[in-house]
Amino acid sequence: MSRADKPPVDSSQERPAEPEAVTPATEAQEAPRRGIRILRLRLKGVDRDYEVDFRDSQDERPRSLSVIAGAFSTGKSSVLEFIAYCLGAAKHPRHPEILRKVRIALLEVELGGQQHVIERAVGEPSTVAYIRPGGLGETEPPPLERRLIKPPGDPASLSSLLLSYCGLEGVELKEAPTQAESGTDPLSIRDLLWLCYMPNERLDDKNLLFESARMKRLKLGQVVDVVFGIQDDRAVDLGRRIKELEGRLARARAEYRATQEFLDEQNLGNRIQVELARDQAERTSAEADRALADLNNQIRATSTFAAELRNRHRDAARRAQQAAALLRDRETQLRRFIPLRAQYADDITKLTMLAEARRLFDPLQVKVCPACLTTLREAPHLAEGHCTLCNSDVTDSERVHPEPVSTRNGSAPAAESDGPATDATFDVSSELRATKARLAEITRYVEELDAEIARLRAASKEADAEEADLAHAVDSATNEAISPFLTQRDDVMGRQRIAATELERARTAIKMLDSLDRRGATVTRVDASLKALRSELTEASAQPDRDAVIREVSNRYAAILTGWRYPKIADASIDKSLVPQMRGSSYIEASSGGRTLISLAWILAIFEIAWERGSAHPGFLLIDSPQKNLGQGGDRDAEFADRVAVADFYRHLHEWLAGQGQGAQIIVVDNAPPTSVDSNVVVRYSRRVGQSPYGLIEDEVS
């Protein structure tokens, strides 16, 4: 039995003392469990999820043949690209609708017959992946295990985990295969995908074997040799891998023992006991929630009679607030008007002093004749160049021009010809009367405010007292009604807290047990891989002959093309360098349609022979657009479109999967598959508004 026929198995639900060995199974039992199988792809979006299911609707096992059909530009190829991305590819599709809608890619797979979910973030290509046992949609999934994407050779990488289920963990590929002392690179799951995934652009390209990239070309040849176990230094490589796995197994067992000792110290019990405790805590918590809801309903029903009291209390509280607000408003006004009244009183004092100063201090105006002391009938002034007091002639040069003085209201003083000056400039009686009137009004308003504040203060105090009395009445009435329920409510809430604590403790214990099971599964997986490698090392002397393997693949390649009615077929073969030949020339010389068929036959021949020989192939194959250049359209190859029946391609897949290929999985993306595979179509995208599903991202219909 080959290494691919011995899959790792997960640890049981009970905690074993230490997983040491793998229970052997029959070939019929193990055939469906080999390698990797694709079950479901789910893209978690912002508003909704998008899913493609590759399981049989009857038994939920992976379909042997799944076809994704539909029109152009609907996201069919993106499905395969996301599968490759979740398995460790560097990039995911970056179409605008995907970047707008999708945040996480989830892939449900079978690894060694056990369901697992791989999760990777969408946006910027993530450097880590998360994996957990179980399927999509579980209510309480086990914790996720973090796996690195790079470096692929790290034991904690996603690549190492996936390769371990193919029997290829720890394989090293030489940088220069012809040199004994060549440096090596670890085999990556990305390298293995070259034999599991045939993208659209590689089908009719002249770069099937990466001829334009020398290092990739050399690595591809080594990958094929490793899958079939026909590399030259296989025994040396097996010895190195066995030594490395022995170290990993020792470390895994040490981690398992340490974890088990820690759990034993916590006295958690076994998984059955912990799960029973969790279920009991969940039931107790649910019962406490229901009891608390019932008590709250009873309390509300019992206290409905106090609705009128509560309404009266609410009205009283509103009146108390309004009275307090009105009192604050009047007090604020009083505080503002008292300084204003003082200011007006001060202004009256100043105006009074100004009027008294006019009478006390004569501005030296002549009112009495200085000779006879008789009161003058009019104030002396200048009239027509003569002084009316002394009759002297006064010229303009002799006049004294006093500085002009503005009057109180801003007007200029009267001219000499306007008659004698008056005392109007110094008359403040009108201002004094107006100021006294304003002061009287302010004083009257302040007195009214003061009186009103006293009344408002009493009203506010009365409103507060009424509100307090009504609040006390509401409390008294409701307390008498709900007091009998308070003790019950406290008891129920206590049970609820205890149940929540027990539930959290049980869930924590289950997580610890999951961690122990995960370490146990690692021990079992590494131990199974180690035993398979030791068995291979024992049988290394009977290693398959490389020429015989290449010859078998070449014969299958020719038989496939013959079954597809390839026109003018002659000398169809695959040479020692794995280059497909046709009519004595390399596939590069064929037409575009011919290269499509040759590429399909080449990848299928390698896949089928690897599966039939029990080689280290993952067991699945992804093919994108097998009708490229063959179907209807402007770019079709007329020679092959007229003579090659596309139904022959699918008939070959059906026959092989029903025969020697039982247990293998093939997923095909095709624009217009024939009606013979309608039962194999898992989804058909319409690209028509109103006909669901529109595409992979169903709600992007623009």
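This tour visits a parallel sheet, the helices beside it, a helix pair and a set of antiparallel strands. The model is a predicted one.

**Stop 1: the parallel sheet**

Begin by selecting strand 10 (197-198), then strand 18 (681-685); these are the edge strands of a sheet, and each pairs on one side only. The sheet is open and has five strands, which pair in parallel and follow the order 10-16-17-3-18. As background, the strands of a sheet pair through backbone hydrogen bonds, and the pairing may be parallel or antiparallel.

Next, select strand 3 (residues 65-70) together with strand 17 (residues 665-670). These two strands run parallel and are joined by five bridges. Which residue of strand 17 stands opposite Val67? Display the side chains at this point: the residue is Val668.

**Stop 2: helices on the sheet**

Keep the sheet visible and add helix 2 (residues 76-86). Helix 2 lies across strand 3, strand 10, strand 16 (620-624), strand 17 and strand 18. With respect to strand 17, helix 2 runs at about 145°.

Now add helix 13, which also packs on the sheet. Helix 13 touches strand 10, strand 16 and strand 17, and its direction makes about 175° with that of strand 16.

**Stop 3: helix 7 and helix 13**

Hide the strands and select helix 7 (residues 214-228) with helix 13 (residues 592-612). The axes of the two helices come within 10 Å and cross at roughly 25°. An angle under 35 degrees counts as roughly parallel, and helix 7 and helix 13 are therefore roughly parallel to each other. Helix 7 passes helix 13 in a left-handed crossing.

To see the contact, show Leu220, Val227 and Phe228 on helix 7, and Trp602, Ile606, Ile609 and Ala610 on helix 13. How many residues of this contact are nonpolar, polar and charged? Seven are nonpolar, none is polar and none is charged.

**Stop 4: the antiparallel strands**

Finally, move to strand 5 (residues 114-121) and strand 6 (residues 128-133), which pair in the antiparallel sense over four bridges. His116 stands opposite Pro133 in strand 6. Strand 5 and strand 6 form a hairpin, with six residues between them. Select Gly123 in the turn, where phi is positive, at about 135°.

From strand 6, continue to strand 7 (residues 145-148): four bridges join these strands, which run antiparallel. Select Val128 to end the tour; the bridge partner of Val128 in strand 7 is Leu148.

How values were computed
Residues are numbered from 1 along each chain as its sequence is written. This is a predicted model: local features need pLDDT of at least 70, side-chain atom pairs count only at pLDDT 80 or more; totals for chains, interfaces and linings use all residues. Side-chain values use heavy atoms; hydrogens and water are left out. Axes are lines fitted to C-alpha atoms, for helices over the stretch in contact, and angles run from 0 to 180 degrees between N-to-C directions. Angles under 35 degrees count as roughly parallel, over 145 as roughly antiparallel, 65 to 115 as roughly perpendicular and the rest as oblique. A crossing is left-handed if the near helix is turned anticlockwise from the far one by less than a right angle, and right-handed if clockwise. Contact means heavy atoms within 4.5 Å. Ala, Val, Leu, Ile, Met, Phe, Trp, Tyr, Cys and Pro count as nonpolar, Asp, Glu, Lys and Arg as charged, and the others, Gly among them, as polar. Two strands pair if DSSP finds at least two bridges between them.
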